[in-house]
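I opened my notebook to look up one residue and two pockets. Here is the structure I worked from.

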Amino acid sequence: MSENTDGLKQFIMNRISQNGAMSIAEYMDLALGHPDYGYYMTRDPFGVDGDFTTAPEISQMFGEIIGAWIADQWFQHEQPAEFTILECGPGRGTLMADILRIGETVPGFLDAAHIVLMETSPVLRAAQEETLAEYNIGWAQDLDAAREYFADGPLFVIGNEFLDALPVHQLRKTADGWSEIAVDIDGEDLVKAQIPADESLVAQIPQGLTSAMAGSVVEVSPARREFMLLIAGLMRDSGGAGLFFDYGHDRSAAGDTLQAVRDHAFCDVLSEPGEADITSHVDFAELCAAVQEVGGALEPVRAQGDFLCAMGMEMRAEMLADQNPDYASEIASQFTRLTGGNEMGRLFKVMEFSF
Ligand code: SAH
């Protein structure tokens, strides 16, 4: 075990000894975001040598399509002289670099754009600064700080694999009602336990799931809902649009979807806090409901492959292959990874809305 794991595991054990079993949400928050030991705070996890690969790291086409989507939104909002592009959880900055390269081909677009990156990890922020050195960019750790950089115009917000990193609570239906799954100590190990479920969490269970069978696990994420309400609230005032990609479902469903990934393989969620990426599937139905509450207009949630193809990615792939014949087969396989039904194309979903 590395020093990092020891440090965080010990920290979590101390906290449990003092306060009692902690919620899965608190555990996830510490495992990913503890300032000294958190997974994202201490490393660049992407790529073949890392733990997992994301869509923008697979192909430049992903960011180019999103760039075209933002440019289209800018036209639909009547080419305002100033607007904001906010990316949440920008990783290495690859997606934004691809967006801005497309943006350069649209007259007036980049001059009007305020670019803001919301990122908590100092390691990844440094990577973003390097990738995007030629651009004028504002960095912020949270939405409140990000607002300092916003233009006096519409707000376009994007995020790829950002929502799945925000913490979830897990509730279990028992014969006596709902309880919360928590993390406790058993000897040297962290183990799952049950604690009484807070009423405010039970109130967030999606309507169709309140009568789930005994034994069912339902995940609720006040952090994701709160984030979406805040974003939508800002757009209601300024106009704008949002585009979020994530592993998830378009209809709320019961099930334990918490998973840990290290070195491109699944591992135990509790055994290596801080050393593995921990995520859970995003319940897009709930997030759409939050946007609707604020008055936003939603597109139906689509599979990533359907969205990318509707935006013309197949043509883009053919064009790139014509320009780079030596890479034609590589480009074709990137296209398949991003859009294919057995790859990211169907499991990843796209949430799109506007004000
Ligand atoms: N969008 C990138 C990276 C996805 S990984 C890509 O597709 O490659 C998740 C990203 O979200 C990382 O950059 C991580 O540091 C960041 N992140 C996680 N929790 C965050 C939070 N609460 N606020 C801001 N950024 C966060």
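I began with terms: helices (H or I, at least four residues) and strands (E, at least two) are DSSP runs, numbered from the N terminus. The model is predicted, so local features need pLDDT of at least 70 and side-chain atom pairs pLDDT 80 or more, while totals for chains, interfaces and linings use all residues. Residues are numbered from 1 along each chain as its sequence is written, and side-chain values use heavy atoms, without hydrogens and water.

**Entry one: G33**

I found G33 in helix 2 (residues 24-33). Is G33 buried or exposed? I noted it as partly exposed, at a relative accessible area of 34%, because that term covers values between buried (under 20%) and exposed (over 50%), with a 1.4 Å probe and protein chains only. I then checked contacts (heavy atoms within 4.5 Å). Leaving aside neighbours within four places in sequence, G33 touches M28, G38 and M41. I also looked up E119: its C-alpha lies 11 Å from that of G33, and 86 residues separate the two along the chain.

**Entry two: the largest pocket**

I read that helix 2, helix 3 (55-58), helix 5 (94-103) and helix 10 (222-238) each give at least two residues to the lining of the largest pocket. Which helix gives the largest share of that lining? I wrote down helix 10, with four residues.I added the pocket rule: on a 1 Å grid over the protein atoms alone, a pocket is an open set of points where a 1.4 Å probe fits, with protein on both sides within 12 Å along at least five of seven lines, and lining residues have an atom within 4 Å of a point.

**Entry three: the second largest pocket**

I listed strand 11 (259-262), strand 12 (265-267), strand 13 (277-279) and helix 15 (344-347), which each supply at least two lining residues of the second largest pocket.
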